[in-house]
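I opened the model to look up its cysteines first, then the core and the overall figures. My notes follow.

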Amino acid sequence: PLGLDTEREVVIPSDAAGIKLVTLASHWGEGNRVTWRGEDKMTLVLEMLRSAIDWGGLDWLVIDSPPSQGEEMMAVLEDLPHLWGALIVTQPSQFSIADCERLVDLYRDAGVPLVGVVANMDGCQCPQCGYYFHPLGTPHVDIEKWCKDLELPFILRIPQVEKLERY
């Protein structure tokens with residue numbers, strides 16, 4: 001659970017095996033829905049980056065954001081002008097790829113290096129026979145070809161795994 005240092009007025013992130021984590025779900029509780037207007041969301045994101053959270057010493061800061069060109073993503077890019085790089089995580093669907101193409105354009109326009117692409121939930125492998133299949137149908141997009149077309153490094157596929165889906 002998150003902690004709160006009332007003296008310094010900062011949030012203390014949850015820590016699991018040395019990985020610090022803050023999510024809105026940890027603040028409001030699982031299953032609760034919060035609707036944000038653009039300005040409110042942007043303000044919260046910037047507070048989290050600037051001072052509202054005591055991250056301590058970090059080797060990496062991972063920001064899991066939806067693939068958008070919204071005001072909050074633009075604010076993050078302006079607030080963190082020296083990003084080491086961006087990793088694009090997508091699913092093998094046309095809808096996800098279309099969003100990611102806009103994100104790739106945004107990062108390139110901002111001069112953020114693109115580390116590469118990870119294909120998430122990209123099929124399943126039968127544990128008994130090793131047969132690889134797509135439970136949601138054949139992927140609409142060949143992600144490796146998409147990466148070549150956009151001159152992006154393809155890093156890996158993460159298959160759908162029941163044990164991972166529970167987290």
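I looked up Cys100 and found it buried, at a relative accessible area of 1% (buried is under 20%, exposed over 50%, partly exposed in between, with a 1.4 Å probe and protein chains only). Cys147 is buried, also with a relative accessible area of 1%. I then checked for disulfides, counted as pairs of cysteine sulfur atoms within 2.5 Å, and got 0. The closest cysteine sulfur to that of Cys100 belongs to Cys147 and lies 9.8 Å away, so it is too far for a bond.

I note that this is a predicted model, where local features need pLDDT of at least 70, side-chain atom pairs count only at pLDDT 80 or more, and totals for chains, interfaces and linings use all residues. Residues are numbered from 1 along each chain as its sequence is written, and side-chain values use heavy atoms, without hydrogens and water.

Next I looked up the largest nonpolar core (buried Ala, Val, Leu, Ile, Met, Phe, Trp, Tyr and Cys joined through side-chain atoms within 4.5 Å). It has 19 residues, and among those touching the most other members are Ile88, Val117 and Trp146. The elements giving two or more residues include α3 (71-79), β5 (86-90) and β6 (114-120). α4 gives the most, with 6 residues.

I listed contacts (heavy atoms within 4.5 Å) for Val117, leaving aside neighbours within four places in sequence; they include Ile88, Trp146, Cys147 and Phe154.

For the whole protein I noted 167 residues, 25% of them buried.

Notes
Helices (H or I, at least four residues) and strands (E, at least two) are DSSP runs, numbered from the N terminus.
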